[in-house]
Each structure stands twice: as C-alpha cells, then as structure tokens.
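Grab a coffee and open the structure in your viewer. Here are a few exercises to work through, each with a solution you can check step by step.

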Amino acid sequence: MALEGNLEMMVPNSIEEPVTISNRQESDECIETPDSDRSVRLRNFLESTTFHGVRYTGTGRRWARLMWTALVLAAWVGFLVQGVNSIVRFASFPTSTNIQIKYPERLKFPAITVCSFNYFLNSSVGDDRVRAALQTMDFLNVFSASFTAENKRILDEAGGWETLTSMAGIKADELIVECVWKVGVQSCSYKNFTKVVTPMGNCFTFDGTDVFTSRGGPGGGLSMVLDVQLKEYLAIGYGTAGIQVLVHPQDEPPDKIYEKGFAAFPGTRTVASIQETRITNLEPPYGDCHDIDLDYHDVYTLSNCFEECKQVLIGEYCSCRELYTSKWYKGSLPVCTFQQFSCVGNGAGVATLLNRNQCYCPIPCSQTVYDVQLSQSLYPAPQLEESFAAALDMSVDYVRRNFIWLDVFYPEIKYTSVVQQEAYTVYNMFGDIGGQLGLFLGASLLTLCELIQYLILEGHAARKRRGRADVKAE
C-alpha cells in the first residue's frame, strides 16, 4: 500500500511538469515577437534620446502626444529648410572683397615708357622717294588712299619696317633733354632709359638702378624734360604732336601704350600722380582667375596674353608678325612688310577674329594696376622762358613749342589692396547647420550619433529577422 501511495503521488507531478514548461514557452514566444521588440527599442530610444521634445511623443495623454509630435515634425521641417538653404548657399560659392589701404616703408616704382607721336625723323631719311612715301602714312587709317601700293613697295625696298625704324626712328638722346630721379638723391639721363620698339615706334623705358622709393610727392619720383622736335615730324602719323606716356608694371611690356597711355603736349608741365592697386582673385570654384602658361612671356598678364593671341592670329591671317614683337617673339615668322600694313590692321580680318573671343585669356590671379591722375600747367612760365631758353642756347619760341616737363610720382607711399575672399566656406556651412540643429531640435553632433546608433541597431535586428525567416522557410 505504501508503494501505491508513492506512485500516486509521483504520477500527477510527472504529468504537470510538461504542461508548465509548455506554457512558459508560449509566453516567451509571445514576448519576443518582432513587432514587440521593435516597439520596445523605439520606446527606449524616445525616452533616452537627447532630442528635445521627442520623449513626450510617446508618453502622456493622447492630445499631449499629438501636440508634441506636431511640434517635433515642425521643428524637423524648419531644420531641413534652413539646412538646405545653407547647402545651396555654399554650392553658389559666394565671395566678398576685402579692401585695405596699406602704408609700407617703400614702394616699387613702376616702369615709365615715353614715345613720340612722330614715328620717323625727317632729317634721318636721306632718300627723297622714301621721305615722300613716309609722308603719306596714316597710322589712324590703314586704308588711306594716299598710302598707295607703290609707296609701300618703295618703303619695303628701302629696308622695310625694321631697317627704317632703326635708321630713322627717334633716339633717346634726341627726345630726353633732362632727367632727375628722386630729387636730391640721384640724377639720371637718357642713358637710364632702354629703347623698346612698340606700335608707336622707338620708345624709351626708365630703368633706374634703384626702382624703389620711400618719398611721396614730386621729390620722390621721376622728372623729365623732353623735346618733341616738331621740325622733324615727317609722316601724318597720329595727327597730333607730343608724347605718349605709359605707367606699367616692370614685368609687363608697353605694347599697349597707345591704348592705355596718356598724352602730354608741348608747352606744358604734365604732372602724373599715380596710385598703385594690388588685386588678388580666387581660382574656381569661387572665382574665375587662372594663370596660364604663355608661349613667349614669363609672367602671365591679360596684356601679354592678348598680344600673343593677336600675333598668332596675324600670323595665320597675314603670314608675318609685327615689328614690336621682336623683344619677345621666338617663332620663325618674318616681320610684316609695308605692303602687309593693311592686312595687319584689317578690321574685317584680325580684329573680327579677336572680337569672336578666340583668345583664351582668363583673369589673372594677381595683378598690379596703376591709376593715373593728371594735371597740366603752362611751361615754361612767361617770366622764366627767356632765361631758360638762354641756358639751353635755344630760342624762346622753340622752347615753348617743343618742350614738355613731365613729373611722375606717388603722392603718398601707400597702395590699395583688393583681395577676393571666400564669403561662405564649408566650415561656415557646417557651423550654420549645427546652429540650426541646436535651435530647432536642441541637438548636437553626439545627438546625431544616438540616432545613427539606433538606426544601426534596427538594421542589424532586421537582418537577423530575415535570417530566421529564411531558415524557417527551408
């Protein structure tokens, strides 16, 4: 009987144990469903995240949850709108210009080039036929009917542009009567000038040994007295008498002296007050500057680039080159003849090609420009003209009709710096986006890391669920 009692007590226990285990498994399976896991993780994220207001979207009364959900969504919309605006602004690569007036201890003096409006000297031409042919030239009208094919042939037989310019062009000692560089410091003469051939013929560039000045006003610059020699004027030339002056950087040839220079006339004192401006531009994507390599010039400038391009077009159109290019041209084209004079200046040819933007000459990344302010007065003064003429052993009338006093100087030792700068950089963009993130959402970079971590965990859980589903399917 004792054995039966023991068996009766054991049977119910052996039957109830499996039932208990089965119920627990069913309960566990109910808790670990994918939807419930995702809901738990989302609730934990909402309750623990440092995004402002997000925790209230899942707790409290229904109307409060709806209100906070709307507020959070509105904040996200505001952040996204402002963030996109910041990105769009950065993508436009805006710039600003910083202008400063700087006062260094000294300034580099620019090159000063002077040219006479008279290309050839009358007394330097010995052949009457050549003189008569030269007198028909008109530099302002290359199609002048008086400059006939016969006249051009005569001049070419006399040696052409190169020979006649060397032989009959004006000399430095004939043009420059007196020169002073920095009054009381250093005297100079025509020997301090270098001859350079330009489209205006023989010109002369001041190349003083000390090209820096630390004094403002006339006493710290270049002063010259020039003789235009009206009696030597031969050709029609430019239709005027006097000199053309160009203030330009030392590393830029004066090829554009007629277009960019200023004129000074006999019987006057011309004062040229110069102001230096140094310009710095940005390369793409913020700016358009680009210093390309030139074929014949060491330094990239717009003038150098256009002159090279112009010469290439003239070479293609006329099979020659202009005389003034000899100082930098290294090709094999010959100097243009007088018979090609019309071709070089042909508005229907080279000029038209230039107007079609066939020259790729981008804005230089750095350049120095000189603004010139001019003033003129009578020279010499009536009270001094007789003594002045006597000192030069010349007549008063000759001095009044031929002499020019030219002063070129800095009024102050200063220059203007114009620098193009990035107005909105990638750092500004991230700074603005970070500020908007904090303003609208009360978030920071670490808050974004919380969101990223949550998304990574969700992605990992999704992969596990897909893996289990594939195993069950098999």
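The exercises below go from the whole chain down to single residues, and the model you are looking at is a predicted one.

**Exercise 1. Get the overall picture: how many helices and strands are there, and what share of the residues is buried?**

Solution. Start with the secondary structure: the protein chain has 15 helices and 15 strands. Next, look at burial. The chain runs to 474 residues, and 41% of them are buried. Then turn to the surface, where the chain exposes about 26,200 Å², with 56% of that supplied by carbon and sulfur atoms. Finally, check the contacts: of those with a separation of 6 or more, 77% are between residues 24 or more positions apart.

**Exercise 2. Explore the second largest pocket: which strand gives the most to its lining?**

Solution. First, the space: the second largest pocket holds about 630 Å³. It has 32 lining residues, and the closest to its centre are P249, E252, T368, V369 and Y370. Now sort the lining by element. Strand 10 (243-248), strand 12 (268-280), helix 9 (302-318) and strand 13 (366-378) each bring at least two residues. Strand 13 gives the most, with six residues. Last, sort by chemistry: 16 of the lining residues are nonpolar, eight are polar and eight are charged.

**Exercise 3. Take strand 10 apart: which residues point one way, and which the other?**

Solution. Begin with a general rule: in a regular strand, side chains alternate between the two faces of the sheet. Now apply that to strand 10. I243, V245 and V247 point one way, while Q244, L246 and H248 point the other way. Then ask about cover: six of the six residues in strand 10 are buried.

Next, find the neighbours. Strand 3 (residues 111-116) runs antiparallel to strand 10, and six bridges join them. Within that pairing, V114 has V245 as its bridge partner. Strand 11 (residues 262-264) also pairs with strand 10 in the antiparallel sense, over three bridges. There, F262 stands opposite V245. So V245 is a handy residue to click on, given its partners in strand 3 and strand 11.**Exercise 4. Follow strand 15: which strands pair with it, and in which sense?**

Solution. Take strand 1 (residues 95-102) to begin with. Eight bridges join strand 1 to strand 15 (residues 415-422), and the two run antiparallel. In this pairing, I99 stands opposite V418. Now move to strand 12, which pairs with strand 15 in the parallel sense over five bridges. Here T280 has V419 as its bridge partner.

**Exercise 5. Place R401: is R401 buried, exposed or partly exposed?**

Solution. Locate R401 in helix 13 (residues 396-402). Buried means under 20% relative accessible area and exposed means over 50%. R401 has a relative accessibility of 46%, which means that R401 counts as partly exposed. Now look for its contacts: leaving aside residues up to four places away in sequence, R401 touches V228, L230 and P266. To finish, compare sequence with space. R401 and D227 are 174 residues apart in sequence, yet their C-alpha atoms are 9.2 Å apart.

**Exercise 6. Look under helix 5: which of its residues are buried, and what covers them?**

Solution. In helix 5 (residues 149-157), the buried residues are N151, K152, I154, L155 and D156. The cover over these buried residues includes helix 4 (128-134), helix 6 (160-168) and helix 10 (341-344). Step just past the end of helix 5 and you reach G159, with a positive phi of about 125°.

**Exercise 7. Hunt for backbone oddities: where are the cis peptide bonds, and which residues other than glycine have a positive phi?**

Solution. Keep the background in mind: most residues other than glycine have a negative phi, and most peptide bonds are trans.

- Step 1: P284 and P285 are joined by a cis peptide bond, with omega about 10°. P285 sits in the loop between strand 12 and helix 9.
- Step 2: Y379 and P380 are also joined by a cis peptide bond, with omega about -10°. P380 belongs to the loop between strand 13 and helix 12 (385-392).
- Step 3: Q229 has a positive phi near 55°. Its loop connects strand 9 (222-227) and strand 10. With a relative accessible area of 8%, Q229 is buried, because the cut-off is under 20%.
- Step 4: S319 has a positive phi near 60°, and its place is in the loop between helix 9 and helix 10.

Key: Residues numbered from 1 in each chain as written. Predicted model: local features only at pLDDT ≥ 70, side-chain atom pairs only at ≥ 80, totals over all residues. Heavy atoms only, no water. Helix = DSSP H or I, 4+ residues; strand = E, 2+ residues; numbered from the N terminus. Buried < 20%, exposed > 50% of the residue type's maximum accessible area, 1.4 Å probe, protein only. Contact = heavy atoms within 4.5 Å. Areas by Shrake-Rupley, 256 points an atom, 1.4 Å probe, with all protein chains shown as cover. 1 Å grid on protein atoms, 1.4 Å probe; cavity = no way out; pocket = protein on both sides within 12 Å on 5 of 7 lines; lining within 4 Å. Points joined across faces, edges and corners; volume = space filled by probe spheres on them. Nonpolar A, V, L, I, M, F, W, Y, C, P; charged D, E, K, R; others polar. Pairing = 2+ DSSP bridges.
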